[in-house]
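Thank you all for coming. I would like to take a few minutes to walk through the structure on the screen, beginning in its interior and working outwards from there.

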Amino acid sequence: MPHWKNTAGDKPEKMPTPAVVTIPMSMHIGAPAKPVVKAGDEVKVGQLIAEAGGFVSSPIYSGVSGKVKKIDDMLNSAGQRVPAVTIETDGKQELFEGIAPPKVTNLQEFLDAVKNSGVVGLGGAGFPTAVKLTVKDLSMIEAVIINGAECEPFITSDTRTMIDDADLVWQGIELLQKYLKVKRVIIGIEDNKPQCIGNFRKMCKPGCGVEVSALPAIYPQGGEKVLIYHTIGRIVPEGKLPIDVGAIVINCTTLAAVAKYIQTGIPLYEKCVTVDGSAVKKPKNVIAPIGTPLKDVFEFCGGFSSEPKKVLYGGPMMGIAVPDLEQPILKNTNAILAFNEKDAELPKETACIRCGRCIAHCPLNLAPVNIETAFRLKDAASLDILKVNLCMECGCCAFVCPANRPLVQVNKLSKAMLRNYQNEQKALEEKQKAKEKAKKEGSK
Amino acid sequence: MSNMTVSVSPHIKDKTSTKSIMRDVIIALTPALIASVLIFGMRALLVTAVCVAFSVGSEWAFEKIVKKPNTIGDLSAAVTGALLAFNLPVGIPLWQAAFGSIVAIVVVKQLFGGLGQNFANPAITARIVMLLAFSSTMTTWVFPGLVSSATPDALSGATPLVILKGETSAALPSIRDMLLGVHGGCLGETSAIALVAGGIYLLVRRVISWHTPVAFIGTVFLFTLILGEQPVYQLLSGGLLLGAIFMATDYSTTPSTNWGRIIFGVGCGLITVLIRVWGNYPEGVSFSILLMNILTPYISKLTAKKPLGGAEV
């Protein structure tokens, strides 16, 4: 698979403030954030506009100064209606007065600071970082793996973090060592980024508890389970979390954002995104306030060289296609790609020739061809045996399939089918139990 | 911007397609075709053309009749036709070659659901059908002639395997002739050099993996070495190279895991030697592949990879 890291050498450029930003309240896994501003309010850069809506949630800050225009539902890229705060900017970009480094002296204060920073998994998952770092028993953590693999084609925003903000990443590591008592830290970087590897190798002093692992640049090296397997050799069992095998994986940009907040009090309100793809005139890395409409970001990159027929959040392997260019930059957006007509063309599906390429290329040793057969036969029991739930939807199977079978789509649908089946089985079992109980009582 | 495509990831795809794979197989078969024309004359080309034409034609006609989408563009029928032709003696009557092609495509492939659904190799199965139906013409070997000999000379033509079996007093051809293919046999199976060149091309293009051919050929070599049956001649004679490189690597009828491919190859090798040494037929490659085709689902099941993180299956 080609890497297309065209923008790796481009230092991120800050784009001019957009006229309007639309900030959805759901940019993370968990409960949506609750707005604390109302229409007509003046806001400044770095000001809280929404507080966390629960434990698994995250607060949201404004990246612009201006006036709140409305709080309304918007249709997101997944086709769901989510509340969003729309702010008309005034172009002044005044920093909020209340910004100050938080007081962090112990674990609880550290976790609170992480929560207040508004940082979520910036590698793409959007899982609230504070929740990930809240571990029942600190002794469970054997290793923290800093994910700098950045295996998706095109994307270079993590690369830029590791080059431009290596100090912040390092400070983040020291925070983890201090408060989470982490003994072993591994920075996992694909070997197509020698500059990043070199940077961190220089920073690692003997006995500092940090090591750099240069990983072969083979997609999906940055997949959580794949990374854990290739750095510490542990296998995360089905339905378990990395912490169950003693590991925490945290993206390098996520960690840098946490360190930035603790050092300066500046929360997460803008993102470095890689803008690339065949329809983009001048691909580059752009720093944009969260909520900036995609069209403004593309505009900043010289606009389109040809009509964009497919636009993605994220990379071409796992990215999400967006329906329109009004969609905003989200917390976990690390790239936006626009493709021309030729690249957006959907390949025609033909008969499976049972070549086994999907099996050979699955990083988790699944058999997509067999999962597809089971799915078409509506054989949910076999889907369980084939372990479809392990699938991380990395897309390798569909990428290599010479018959262009929609294998990722089938796996997604198979998971839903299996879930329904398991729920039905459970209900059936309970019914059976209730019946037996009734029988027993009847016979008494 | 309402005309943007929204689809499920991944949004990129490598360039390999069914058609490109089949095109590679055809390219890999070309050296053997050229060799066969040089060894057996222009009739080799004629037989191949008839088989390809009838394979493609019967696929087209069958799909037309049962109102299925036309798939002759994927080139798989052309590959089947060429492989069948390579398994026929050059003097085969053309109507018999045409009949075999129709059996391969309609009976063995399409009646089971078409490409990817058949459990037996169409070319191999059709060859076996022809061997039983037309046993005389299927075992009439013409002596290798020159390019000029347009009319095959059917006077002599014991294959090396027949000679090895001691059923004739003819002398074995030299190793050089064995490598070049200047000896009796089916039209596409004799030139070891041409077949190996095609195999290397397929390996480089990653169309096939080394597992089955190496296991198959290696087993025949070792087994005949142990039995004292002239392993080098065994390796270069009959349809072994053609079968191991081009037929035992067919996707839908062989296992899709690497261990499965090794087991498949070893099984083919053992059965081939058993038939060659103790069987009634001088050649066993076709039968061995067909028998192993039947075992393929079980081998696949037995060698399924263990999912990373999955509990015991």
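Let me start with A:Ile146, which, once its neighbours within four places in sequence are set aside, is in contact with A:Val169, A:Ile173, A:Val185, A:Ile186, A:Ile187, A:Gly188, A:Ile250, A:Cys252 and A:Leu255. I should say at once that this is a predicted model, and that everything I describe today is to be taken in that light.

A:Ile146 belongs to the largest nonpolar core, which has 134 residues, and it is listed there with A:Val144, A:Val297 and A:Ile336 as the residues with the most contacts inside that core. Which element gives this core its largest share? That is α7(A), from which eight residues of the core come. Apart from this core lies another, of 77 residues, and among its members are B:Phe54, B:Val182, B:Val220 and B:Cys268. As general background, nonpolar side chains in soluble globular proteins tend to be buried together.

Since α7(A) has come up, let me stay with that helix for a moment. Helix α7 of chain A spans residues 252–264, thirteen in all, and reaches 18 Å from its first C-alpha to its last, close to the 18 Å expected at 1.5 Å a residue. The helix is mostly covered, with 10 of its 13 residues buried; the buried ones are A:Cys252, A:Thr253, A:Thr254, A:Leu255, A:Ala256, A:Ala257, A:Val258, A:Ala259, A:Tyr261 and A:Ile262. And what covers them? The covering elements include, all in chain A, the helices α1 (107–116), α2 (129–133), α3 (157–164) and α4 (166–179), together with the strands β9 (143–148) and β12 (247–251). Just after the helix, A:Gly265 takes a positive phi of about 85 degrees.

For a contrasting position, please look at A:Ile232, in helix α6 of chain A, residues 224–232. Is this isoleucine buried or partly exposed? A:Ile232 has 18 other C-beta atoms within 10 Å, and so it counts as partly exposed, given that 20 or more would be needed for a residue to be called buried. Beyond its neighbours within four places in sequence, A:Ile232 is in contact with A:Ala143 and A:Ala247. A:Val245, for its part, is 13 residues away from A:Ile232 in sequence, and the two are 9.9 Å apart in space, C-alpha to C-alpha.

Turning now to the strands of chain A, I will take β14 before the open sheet. Strand β14, residues 284–289, is mostly covered, with five of its six residues buried. Strand β1, residues 13–14, pairs with β14(A) in the parallel sense over two bridges, and there A:Glu13 stands opposite A:Val286. Strand β13, residues 270–276, runs antiparallel to β14(A) and is joined to it by six bridges, with A:Thr274 standing opposite A:Asn285.

The open sheet has four strands, in the order β2-β8-β7-β4 of chain A, with antiparallel pairing. Its edge strands are β2 (20–24) and β4 (42–43), each of which pairs on one side only. At the β4 edge, β4(A) and β7(A), the latter made of residues 66–75, pair in the antiparallel sense over two bridges, and A:Val43 stands opposite A:Gly66.

Let me step back to the chains as wholes. The secondary structure of chain A comes to 14 helices and 17 strands. The radius of gyration of chain A is 23 Å, close to the 22 Å that the globule rule gives for 444 residues, so chain A is as compact as a globular protein of that length. Its C-alpha atoms fill a box of roughly 75 × 60 × 55 Å along the principal axes, and 52% of its 444 residues are buried.

Chain B, by comparison, comes to 14 helices and zero strands. Its radius of gyration is 20 Å, close to the 20 Å given by the globule rule for 313 residues, so chain B is likewise as compact as a globular protein of that length. Its box is roughly 80 × 45 × 30 Å along the principal axes, and 52% of its 313 residues count as buried.

Finally, where the chains meet, the contact takes 34 residues from chain B and 47 residues from chain A. On the side of chain B that touches chain A, those residues divide into 14 nonpolar, 15 polar and five charged.

Definitions and conventions. Residues numbered from 1 in each chain as written. Chains lettered and ligands numbered in written order. Predicted model: local features only at pLDDT ≥ 70, side-chain atom pairs only at ≥ 80, totals over all residues. Expected span 1.5 Å × (residues − 1). Buried ≥ 20, exposed ≤ 12 C-beta atoms within 10 Å, placed from the backbone. Contact = placed C-beta atoms within 7 Å. Core = buried A, V, L, I, M, F, W, Y, C linked by C-beta atoms within 7 Å. Rg over C-alpha atoms; globule rule 2.2 N^0.38 Å. Nonpolar A, V, L, I, M, F, W, Y, C, P; charged D, E, K, R; others polar. Pairing = 2+ DSSP bridges.
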